[in-house]
Amino acid sequence: MASQSSKNGSIYDFTVKDARGNDVDLSIYKGKVLLIVNVASQCIQWGAIKAALLKLEPVTKDEYYKLNH
């Protein structure tokens with residue numbers, strides 16, 4: 001579940017859980033483009049979705065692209 005620090009803030013005001021249950025403060029991504037995919041880590045389709053997202057990494061060749069999983 002995401003927590004928000006201000007009522008009318010931006011995406012960077014949220015802290016979310018990663019697939020390992022660790023808190024991730026989205027403010028660390030300020031200035032970067034975000035693609036947020038909300039999929040249950042135990043979902044049977046997650047493997048296919050993750051594989052497709054990993055294929056994007058070498059295609060973009062962008063220093064700002066990072067897949068957090």
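Which residue in the hairpin of β2 and β3 takes a positive phi? Keep that in mind as you go round this predicted model.

**Whole chain**

Start with everything selected. The chain has 69 residues, and 10% of them count as buried. About 5,700 Å² is exposed, with carbon and sulfur atoms supplying 54% of that area. Now switch to a cartoon view. You should find one helix and three strands. Reading from the N terminus, the order is β-β-β-α. Next, show contacts with a separation of 6 or more. Residues 24 or more positions apart account for 9% of these.

**Confidence**

Colour by pLDDT. The chain averages 75, and 68% of the residues score at least 70. Select residues 3–4, which are strand β1. Among the elements, β1 has the lowest mean pLDDT, at 54. Then select β3, residues 23–25. Strand β3 has the highest mean, at 93.

**The hairpin**

Select residues 14–17, strand β2, and keep β3 on screen. The two strands pair in the antiparallel sense, over three bridges. Pick V16 in this view. Opposite V16 stands V24, in β3. Now move to the connection. Five residues lie between the strands of this hairpin. Click on G21 to settle the opening question: G21 takes the positive phi, near 90°.

**The salt bridge**

Show the side chains of K17 and D23. They meet in a salt bridge, at 2.8 Å from N to O. How many salt bridges does the count come to? The count comes to one. Switch on the surface and compare the partners. D23 counts as exposed because its relative accessibility is 55%, and exposed means over 50%. K17 has a relative accessible area of 47%, so this residue is partly exposed.

**The nonpolar patch**

Stay with the surface. Select I11, L34 and I36 together. These residues form a nonpolar patch on the surface. Their accessible area is about 240 Å² together. Zoom in on I36. Where is I36 found? I36 is in the loop between β3 and α1. Is I36 buried or exposed? With a relative accessible area of 55%, I36 is exposed.

**Last stop**

From I36, follow the loop onward to α1, residues 46–60. This helix is the final element in the β-β-β-α run. Finish by showing the hairpin, the K17 and D23 pair, and the patch of I11, L34 and I36 in one view.

Methods
Residues are numbered from 1 along each chain as its sequence is written. This is a predicted model: local features need pLDDT of at least 70, side-chain atom pairs count only at pLDDT 80 or more; totals for chains, interfaces and linings use all residues. Side-chain values use heavy atoms; hydrogens and water are left out. Patches are made of residues with over 30% relative accessible area and no salt bridge: like charges are joined within 9 Å, nonpolar side chains (Val, Leu, Ile, Met, Phe, Trp, Tyr) within 5 Å. Accessible areas come from the Shrake-Rupley method with a 1.4 Å probe; for residues, only the protein chains shown count as cover. A salt bridge is a side-chain nitrogen of Lys or Arg within 4 Å of a carboxyl oxygen of Asp or Glu. Helices (H or I, at least four residues) and strands (E, at least two) are DSSP runs, numbered from the N terminus. Buried means under 20% relative accessible area, exposed over 50%, partly exposed in between (1.4 Å probe, protein chains only). Two strands pair if DSSP finds at least two bridges between them. Contact means heavy atoms within 4.5 Å. pLDDT is the predictor's confidence in each residue, from 0 to 100.
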